[in-house]
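Work through these exercises with the model open beside you. Try each task before you read its solution.

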Amino acid sequence: MRIFVDSADVEEIKKLYEMGFVSGATTNPSLVAKTGRDPREIYRELAEMLEHVSAEVVAEDADGMYKEGKDLASIHPNIVVKIPFTPEGLKAVRRLKGDGIRVNVTLIFSAAQALIAARVGADFVSPFIGRIDDIGYSGVEVVRETAKIFALYDIPTQIIAASIRHPAHFIAAAKSGAHIGTVPPAVLWKLLKHPLTDIGLEKFLSDWRKVQESLSK
Ligand code: E4P
């Protein structure tokens, strides 16, 4: 599973990117709103750093989404246009794909929606694990079913496990066949931390200091 950052905070994403395990970022209108910044600037800065930056349209009709998608894609070749799974959205996906633009279909809550989006030509589908769990179903199960269906029919669409809320979601998404996990910075920082790593390092360094001390006697 490849690892993306689920954020529009360029500085925070940069800190994680510098460690070398992040290859993309997914944004959405709520994440962009939190930054208070011009969305185009955010998308451009991220796309100069990362091979995949999902940028979401906010129009609700197919024509509007298509025009907005074309405009977003023109910012940088690494921009992937994010389109919500609605009947109008699917029409826009079809047209954008006709123009060779990469598309991520978002707000996916079932394997059926994922299969339909894939059949329209989506390059990526984003099932929302946490939000499915919130209504009493298993988000990870939706990822597992989707991965199974895509494998059965050799469907090249990639699954981006989204709405990851905690470290256990991350591992479960990876085991369920998601190609990509998009993870909020706070969860990634938790994944980077392990108490046994800290204790082990402390012990190694204190033993090493003893070696230095005995050599200097
Ligand atoms: C990413 O593509 C989604 O927009 C995001 O993961 C949604 O996460 P949330 O359900 O925590 O808002």
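**Exercise 1. Place Phe170, then compare its separation from Lys210 in sequence and in space.**

Start with burial. Phe170 has a relative accessible area of 13%. Buried means under 20% relative accessible area, exposed over 50%, and partly exposed in between, with a 1.4 Å probe and protein chains only. Phe170 is therefore buried. Next, its element: Phe170 belongs to helix H9. Helices (H or I, at least four residues) and strands (E, at least two) are DSSP runs, numbered from the N terminus. Last, the separation. Phe170 and Lys210 lie 40 residues apart in sequence, and their C-alpha atoms are 40 Å apart in space.

A note on the source: this is a predicted model, where local features need pLDDT of at least 70 and side-chain atom pairs count only at pLDDT 80 or more, while totals for chains, interfaces and linings use all residues. Residues are numbered from 1 along each chain as its sequence is written, and side-chain values use heavy atoms, with hydrogens and water left out.

**Exercise 2. Describe the chain as a whole.**

Count the elements: the chain has 11 helices and 8 strands. Then take the extent. Along the principal axes, the C-alpha atoms fill a box of roughly 80 × 35 × 30 Å. Finish with burial: of the 217 residues, 46% are buried.

**Exercise 3. List the residues around the ligand and sort them by type.**

First, the list. A residue is near a molecule if one of its heavy atoms lies within 4 Å of it. Around the ligand these are Asp6, Asn28, Lys82, Phe128, Arg131, Ala162, Ser163 and Arg165.

Second, the types. Ala, Val, Leu, Ile, Met, Phe, Trp, Tyr, Cys and Pro count as nonpolar, Asp, Glu, Lys and Arg as charged, and the others, Gly among them, as polar. The shell divides into 2 nonpolar, 2 polar and 4 charged residues.

**Exercise 4. Find side-chain N or O atoms that come close to ligand oxygen atoms.**

Use the polar contact as your test: a pair of N or O atoms within 3.5 Å; within protein, one must be able to donate a hydrogen and the other to accept it, and residues adjacent in sequence count only if both atoms are side-chain atoms. Begin with Asn28: a side-chain N or O atom is 2.7 Å from a ligand oxygen. For Ser163 the distance is also 2.7 Å. For Arg165 it is 3.4 Å. Now the cover: on its own the ligand has 350 Å² of accessible area, and the protein covers 84% of that.

**Exercise 5. Two residues have an unusual backbone angle. Is each one buried or exposed?**

Recall the rule: most residues other than glycine have a negative phi. Asp154 is not a glycine, yet its phi is positive, about 50 degrees. Asp154 sits in the loop between helix H8 (139-152) and strand E7 (158-161). Its relative accessible area is 70%, so Asp154 is exposed.

Now Ser163. Its phi is about 55 degrees, again positive without being a glycine. The loop between E7 and helix H9 (167-175) holds Ser163. With 9% relative accessibility, Ser163 is buried.

**Exercise 6. Which side chains do His52 and Ser126 contact?**

His52 lies in strand E3 (residues 52-56). At 1% relative accessibility, His52 is buried. Its side chain joins that of Ser54 in a polar contact of 2.8 Å.

Ser126 lies in strand E6 (residues 124-127). Its relative accessible area is 2%, so Ser126 is buried. The side chain of Ser126 makes a polar contact of 2.8 Å with the side chain of Asn104.

Conventions: Areas by Shrake-Rupley, 256 points an atom, 1.4 Å probe, with all protein chains shown as cover.
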